[in-house]
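Here is a short report for a reader who is meeting this structure for the first time. Please look over the sequence and the model before reading on.

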Amino acid sequence: MLRRRLMELLAVSGCLVGILSCAPQALLRPRQVDQVPRGQYNVTVSEDPSGSRQYNAVLFETTAAPVRLDLPRVNRKGMAEPDDYAAVLKAGFVVYELPSAAGVVTGYLVVPARAQVMIWDQGAARGGIVVTVTGLPNAPESGGAGGGSGM
């Protein structure tokens, strides 16, 4: 009797683990802010493929959680301050604060005002925060399973 009960408990536990591991990723809403706060950030950029040496997007990543920018032509630039990218922070670009599912700010994204930004919190075991941007000029649409992560 005890063995049967133990097997039932193991089966139920296995089902619960399976259900939780297949839980959908959380879609989060970025919040538009006035500027990227002062400080040091890991910077990742998506370059404009037209060869104009412009950026489609600049990600200022905090140390709170890893963030992957799901866009083509992504390059990690290393540590920098927002002032190092002052030319990008010009008219026509906006800044979004990127939260995790827990509400922790994971970074700031600078993109053209007409771009649409979506944040997916896949959990730490599945890659952390993924930021998808659509509506960029001169950039193929991203999203789905790919995109250069630069990581």
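The report goes from the overall layout to the aromatic pairs, one buried strand and the nonpolar cores.

## Overall layout

This is a predicted model. The protein chain has 1 helix and 10 strands. From the N terminus on, the order is α-β-β-β-β-β-β-β-β-β-β.

The protein chain holds 151 residues, and 36% of them are buried. Its accessible surface comes to about 8,900 Å². Carbon and sulfur atoms account for 57% of that surface. Contacts reach far along the sequence: among those between residues at least 6 apart, 59% join residues at least 24 apart.

## Aromatic pairs

How many aromatic pairs does the structure hold? There are 4 aromatic pairs. One of them joins Tyr41 and Tyr108, with ring centres 6.0 Å apart. The planes of these two rings meet at 80°, over the 60 degrees required, so the pair is edge-to-face. Tyr41 belongs to strand E3 (residues 41–47), and Tyr108 belongs to strand E8 (residues 105–112). The two parts are 67 residues apart in sequence, so the pair ties together distant positions in the chain. Are these two tyrosines buried or exposed? Tyr41 is buried, at a relative accessible area of 7%. Tyr108 is buried too, at 9%.

Phe60 and Tyr85 form another edge-to-face pair. Their centres are 5.9 Å apart, and the angle between the planes is 85°. Phe60 sits in strand E4 (residues 55–61). Tyr85 sits in the loop between strand E6 (74–80) and strand E7 (93–99). The pair links parts of the chain 25 residues apart. Phe60 has 0% relative accessibility and counts as buried. Tyr85, at 11%, counts as buried as well. Both pairs belong to one aromatic cluster, formed by Tyr41, Tyr55, Phe60, Tyr85 and Tyr108.

## A buried strand

Why is strand E10 described as largely enclosed? Strand E10 covers residues 129–134, and 6 of its 6 residues are buried, so the rest of the structure largely encloses it. Its residues point two ways. Ile129, Val131 and Val133 point one way, while Val130, Thr132 and Thr134 point the other way.

Which strands pair with E10? Strand E5 (residues 67–70) pairs with E10 in the parallel sense, over 4 bridges. Here Asp70 stands opposite Thr132. Strand E9 (residues 116–121) pairs with E10 in the antiparallel sense, over 6 bridges. There, Asp121 has Ile129 as its bridge partner.

## Nonpolar cores

The largest nonpolar core has 19 residues. Which members touch the most other members? They are Leu69, Leu98, Leu109, Val111, Val117, Val131 and Val133. E4, E5, E7, E8, E9 and E10 each give two or more residues to this core. Val131 and Val133 also appear in E10, where they point the same way as Ile129.

Leu98 shows what one core member touches. Leaving out residues up to four places away in sequence, its contacts include Pro30, Leu59, Val104, Tyr108, Leu109, Val117, Ile119 and Val131. Tyr108 is thus named both here and in the pair with Tyr41.

Another core, of 13 residues, lies apart from the largest nonpolar core. Among its members are Val33, Tyr41, Val88 and Val95. Tyr41 is also part of the aromatic cluster.

Methods
Residues numbered from 1 in each chain as written. Predicted model: local features only at pLDDT ≥ 70, side-chain atom pairs only at ≥ 80, totals over all residues. Heavy atoms only, no water. Phe/Tyr/Trp six-rings, centres within 6.5 Å; stacked < 30°, edge-to-face > 60°. Buried < 20%, exposed > 50% of the residue type's maximum accessible area, 1.4 Å probe, protein only. Pairing = 2+ DSSP bridges. Core = buried A, V, L, I, M, F, W, Y, C linked by side-chain atoms within 4.5 Å. Contact = heavy atoms within 4.5 Å. Areas by Shrake-Rupley, 256 points an atom, 1.4 Å probe, with all protein chains shown as cover.
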